[in-house]
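Good morning, everyone. I would like to walk you through one part of a structure that is new to most of us, going strand by strand, so please keep the view open while I talk.

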Amino acid sequence: MTLGYISKRLFHLALIMFGVSVVVFLMLRMIPGDPAQLLLGEFASPEELARLREQLGLNQSLFTQFWIYISNIVQGDMGHSVRTNAPVTGEIWVRLIATLELSLAAMCIATVFGIAAGVMSAVKQHSLWDYGAMFMALVGVSMPIFWLGLMLIYLFAVKFPLLPMMGRISLGLEVPDVTGLMMVDAVVAGNWQSFVSALKHLLLPAFTLATIPMAIVARITRSAMLEVLNMDYVRTARAKGMTELVVIFRHALRNAFLPVVTVLGLNLGLLLGGAVLTETIFSWPGLGRYVVDSLSGRDYAAVQGCILVFALLMAVINLAVDLIYVVLDPRIRVNE
Amino acid sequence: MSKLDMFTDLRKSVSALTGLVLITLIVLVALFGPWIAPADPLIPSPLIRLQGPSAQHLFGTDSLGRDMLSRVIYGARISLMIGIISVTISLVPGTILGLLSGYFGKRIDSIIMRCMDMLLAFPAILLAIFITAILEPSLTNTMVAVGIVYIPHYARIVRSSVLSLKGMLFVEAISHLGGGHLRILLKHILPNCLPPIIVYATLGMGTAVLQAAALGFLGLGAQPPSPEWGAMLSEGRQYIQLAPHVAAFPGAAILILVLGFNLFGDGLRDVLDPSLRSQ
Amino acid sequence: MEPILQIRNLTTRFTTKRGDLTAVDGVNLHINPGETLGVVGESGCGKSVTALSILQLLPRPIARIAGGSILFKGQNLVTAPLPVIRDIRGNQISMIFQEPMTSLNPVYTVGFQIMEPLRKHRSMKKAAARQEAAGLLDLVGIPEPRSRLDDYPHQLSGGMRQRVMIAMALACRPDLMIADEPTTALDVTIQAQILELMKQLQKEIGMAVMLITHDLGVVAETCHRVVVMYAGKMVESADVNVLFSCPAHPYTRGLFDSLPKRGCTGPLPTIRGAVPSLLNLPPGCAFQDRCDAASARCRQTPPWQEVAEGHGVRCWHPLEVSP
């Protein structure tokens, strides 16, 4: 892998982000009405409206407007929220971290359990476990997670009050804001009580969000493992006297990772989309809930910012997936 | 026949058959809804609010005292309609774009595919949310939004099968014989692309139902008092502590319908298009 | 001399979509220490399955050993528990395969893969194993062995990969190496190099080799004794010189006749017909439909008989053997 490859990919990423900004720009101008009015809300004073019109260049050509819009974004200025009057960039940042905490937890759960289930199914192909796990995986893929979340809340927070219903941490507990990741901050501060509380708050939403990716990972892992287990090099490993555990995990699974990573990358949209629903159900103060709230509050500056950030996230994670791919497969690494 | 094979075949047919049974069940419920529903799904009865399941109201009643069973039954009609219409909205333009892109290649291909990439750069549900928000939340706009979001998926699938077909001898032979583009596309290429399209559309029905319900849940889809399953869940959410059944039944209905489409689609794929199996 | 490997009456069955078949049917053979035994036959005759049966590497669950015994240094491998087999695999008996392209794991360096059996069976530390692996690569004639250790399989040519496979098989100085068509996938010049290498290494290490091939030329050059298989059964067994000078089974004779000979022009004779499907073999001798000497008697299974000292054949009408 060379620097040239990375820079090529970064250029590609920039291109996509540019396209996305164009789409968002055009969409906001497609909504009937005055963009300044849209961005400032219905209670804006005429002076404020005039000032924003001037700022956005709304009296000038569409091209000038686009230029102003793009240069603002590049400088990290995505306007002010109508509801809080704070800069959108800052508001998004705080929530982005919360979303990342949730998504990372979900990703870990999905990968660990999904791969474990898939490997077991492949190794014990045609067994009762295999059929059971694959049926559960199909149920998982079909799951309306907003319903699953509600049912989990009912079961674990109402019927058997083991876990909290919503939020990130219990009232009255606080952690210093270092990384923004609640559990990490609690550890950094050495605050055990806060850590447990944050963990308990994370469990239900993380499992809810993990359901669909977990099911997908299990299915892909199974089919990839079935293919890999028939490979000659797996037989070679057995012929060397390796134990079955080493054969499966070192020799087979390592090769099966490639398709799993690819499919995970392809289904990123599903994860981020799932975050919107999960955060709404569990009142998780993340980006997904923020975008829904902004839409119902007609806070278009915030909506615009969220969409750009989501698209950027998708693009960045896709790039990361490709880089992981390169690390996993030496054939790509050297040929690049 | 050996034991091993029987299991494989059994599993295949079991999955496809189970899916078919689930879908048929819900289609029947939707068709005969007015005859089997015990009550009107829209008329409130303030005296029997939020009652749990009982002999009189099998699924209980909601916050306005409406019979949940009847609402779930009427919801089946809405969800099936959403599935069919959204899939059509993505299928038709997606297929046309894919055919053009794969068949003509070059400039047309790269323009179409770059636009599709742009749509794919957003998480699906976010794009749908955005579109419905621009168009005003409603059931119709939900279907339009979910439809638009999945156009690129069909375009890509059709394009890749056109590309593999185009290399085959018979297409070349026909074009040498002087067949017109339209004729070749519609008579020779399209029919050969059908298996993956059918498989994907079946699975797509499930996805569309799920996404539309999610929009309804977020309050951006069908609006109350419509008995759309997602919207019903959104109402049920407020009473999750008092009356979990209000959320439980519509959600279970969504799961069953989507599972039906996925089971059936999986079975179809194994039969129609083994090349897609690894996905 | 006590044989190092003694296979008695080995029967291996497969379960397939169209029914059960017997891929190896009552094979008896032995290998002496330091000896090279060739196992010859067309594809599907059961020679590879015999080899896989020895190390219990048959594809599960479709294949299973249905009967017989495989004695290795007095231990029956058919009934031995898996941990015991694992201690033997790659340690006392090692194996190399036909496809050097796919037999090495693409995501690990060749060094890592050669070191694996050393660390497992010899409990070597990483540094020692690496040292040993470099020595092995040197032994199999790979130039600059130290830097090759960090190469991935796709960076090596087919011949180099087969050398790596051999190095891996030799790592623990086994008593027996099973080579399943080790040169079939390689270019002719490389084939010769690899065979030469195997011969030379065998002398150096003093191990026995079971060489499975369909190539009689390879057999003539490398083997001491030969076993010929047809449709899952052993049809002839003899010293290599005896077999080449006076084959007793019509099938063996057919194989020799179909080899190109120096100074001969004109069409090569072939064995008429095709190998019968293992799913519906004719009763009696499996070769009868293709055999010129066949008679009504061939509908009964011919017994194994010794036509000379150390020269056995399974045929009702063995060809004349000059003493």
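What we have here is a predicted model, and the part I want to describe is an open sheet of four strands in chain C, whose order is β2-β1-β4-β5, with antiparallel pairing. The edges of this sheet are formed by β2, residues 19-31, and by β5, residues 75-76, both of chain C, and each of these pairs on one side only.

Let me begin with strand β1 of chain C, which covers residues 5-16 and runs antiparallel to β2(C), joined to it by ten bridges. If you would like a place to look along this pair, find C:Q6, which stands opposite C:H30 in β2(C).

Turning to the other neighbour, β1(C) is joined to β4(C) by eight bridges, and these two strands also run antiparallel. Here the residue to pick out is C:R8, which has C:S69 of β4(C) standing opposite.

That brings us to the last pairing, in which β4(C) and β5(C) run antiparallel and are joined by two bridges, with C:L71 standing opposite C:N76 in β5(C). How many residues lie between the strands in the hairpin of β4(C) and β5(C)? There are two, and in this hairpin C:K73 takes a positive phi near 50°.

To close, let me return to the order of the sheet as we have followed it, from β2 through β1 and β4 to β5 of chain C, with β2(C) and β5(C) as the edge strands. Thank you, and I am happy to go back to any of these pairs.

Key. Residues are numbered from 1 along each chain as its sequence is written. Chains are lettered from A and ligands numbered from 1 in the order in which they are written. This is a predicted model: local features need pLDDT of at least 70, side-chain atom pairs count only at pLDDT 80 or more; totals for chains, interfaces and linings use all residues. Side-chain values use heavy atoms; hydrogens and water are left out. Two strands pair if DSSP finds at least two bridges between them.
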